[in-house]
Amino acid sequence: MKVMLIGKTGSGKTTLIQRLNNQKLEYKKTQMVSYEGQIIDTPGEYVENKSYYRALNVISIDVDIVVLVQASNDDEVIFPPQFSTMFSGKKVYGLITKKDLCENTEKIKKYLEDAGVEKIFEIGLNDSKSLKILQENLG
């Protein structure tokens, strides 16, 4: 299955891809849309700037699953209510990253629920169990 990750700059999208692909973790800023096998990594600016929403919609055409990524330690709501509806016919999941940095993720879950996600997953940096569950759900 083809997957697209959308989230704010620094939310952990690129690190997640490196973990899913068993790559060495290298912290780098994604400058442009990148394709890593079956995963599409989008720059944070694409969700931070509403003028890029059309680009997200176009990129999503060939994907099966859209994942909205929100870091557990980020209190800013980046996804507007019902954001998921712009990806008509796609599964839209929520992913809370950096779980190890915040014990209570209820507020972040609410942000993702308001955005309209179907399922929510949580993962920390060294959380191999959650990574495996996520891999299984992403196909």
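## Strands S5 and S6

Start with Tyr-93: its bridge partner in S6 is Lys-119. That pairing belongs to a run of 4 bridges between strand S5, which covers residues 91-97, and strand S6, which covers residues 119-122. The two strands run parallel. Keep in mind while you look around that this is a predicted model.

How does the chain cross from S5 to S6? The path goes through helix H4, residues 106-115. Together these pieces make a β-α-β crossover, and its hand is right-handed.

## The chain as a whole

Stepping back, the protein chain has 5 helices and 6 strands. Reading from the N terminus, the order of elements is β-α-β-β-α-α-β-β-α-β-α. The radius of gyration is 14 Å, close to the 14 Å that the globule rule gives for 139 residues, so the chain is as compact as a globular protein of that length.

If you drew a box around the C-alpha atoms along the principal axes, it would be roughly 35 × 30 × 25 Å. As for what is tucked away, 47% of the 139 residues count as buried.

## Salt bridges around helix H4

Searching the whole structure turns up 7 salt bridges. One of them joins Glu-122 to Lys-109, with the closest N and O atoms 3.2 Å apart. Glu-122 sits in strand S6 and Lys-109 in helix H4, so this pair ties together parts that are 13 residues apart in sequence. Lys-109 has a relative accessible area of 22%, so it is partly exposed. Both residues also belong to a wider set: Lys-99, Glu-106, Lys-109 and Glu-122 are linked in a network of salt bridges.

Helix H4 has a salt bridge within itself as well. Asp-114 pairs with Lys-110, and their closest N and O atoms are 2.8 Å apart. The two lie 4 residues apart in the helix, about one turn. Asp-114 is partly exposed at 31% relative accessibility, and Lys-110 is partly exposed too, with a relative accessible area of 45%.

## A link between two loops

Which residue forms a salt bridge with Lys-8? The partner is Glu-76, and the closest N and O atoms of the two are 2.6 Å apart. Lys-8 lies in the loop between strand S1 (3-7) and helix H1 (13-20), while Glu-76 is in the loop between S4 and S5, so the pair ties together parts that are 68 residues apart in sequence.

Is Lys-8 buried or exposed? With a relative accessible area of 18%, Lys-8 is buried, because the cut-off for buried is under 20%. Glu-76, on the other hand, is partly exposed, with a relative accessible area of 42%.

## Two positive phi angles

A couple of loop residues have a backbone angle worth a look. Gln-82 is not a glycine, although its phi is positive, at about 60 degrees. You'll find Gln-82 in the loop between strand S4 (65-71) and S5. Its relative accessibility is 44%, so Gln-82 counts as partly exposed.

Then there's Lys-98, also a residue other than glycine, with a positive phi near 60 degrees. Lys-98 is placed in the loop between S5 and H4. At 27% relative accessibility, Lys-98 counts as partly exposed.

## A nonpolar patch, and Val-33

Which residues make the nonpolar surface patch of about 290 Å²? They are Leu-25, Tyr-27 and Leu-125. Leu-125 belongs to the loop between S6 and helix H5 (128-138). Its relative accessible area is 35%, which makes Leu-125 partly exposed.

For a last stop, try Val-33, in the loop between H1 and strand S2 (34-36). Val-33 is buried, with a relative accessible area of 18%. Measure across to Leu-56 and the C-alpha atoms are 9.8 Å apart in space, while the two residues are 23 apart in sequence.

How values were computed. Residues are numbered from 1 along each chain as its sequence is written. This is a predicted model: local features need pLDDT of at least 70, side-chain atom pairs count only at pLDDT 80 or more; totals for chains, interfaces and linings use all residues. Side-chain values use heavy atoms; hydrogens and water are left out. Two strands pair if DSSP finds at least two bridges between them. A crossover is right-handed if, with the strands pointing away from the viewer, the path from the first strand over the helix to the second runs clockwise. Buried means under 20% relative accessible area, exposed over 50%, partly exposed in between (1.4 Å probe, protein chains only). Patches are made of residues with over 30% relative accessible area and no salt bridge: like charges are joined within 9 Å, nonpolar side chains (Val, Leu, Ile, Met, Phe, Trp, Tyr) within 5 Å. Accessible areas come from the Shrake-Rupley method with a 1.4 Å probe; for residues, only the protein chains shown count as cover. A salt bridge is a side-chain nitrogen of Lys or Arg within 4 Å of a carboxyl oxygen of Asp or Glu. The radius of gyration is taken over C-alpha atoms; the globule rule is 2.2 Å times the number of residues to the power 0.38.
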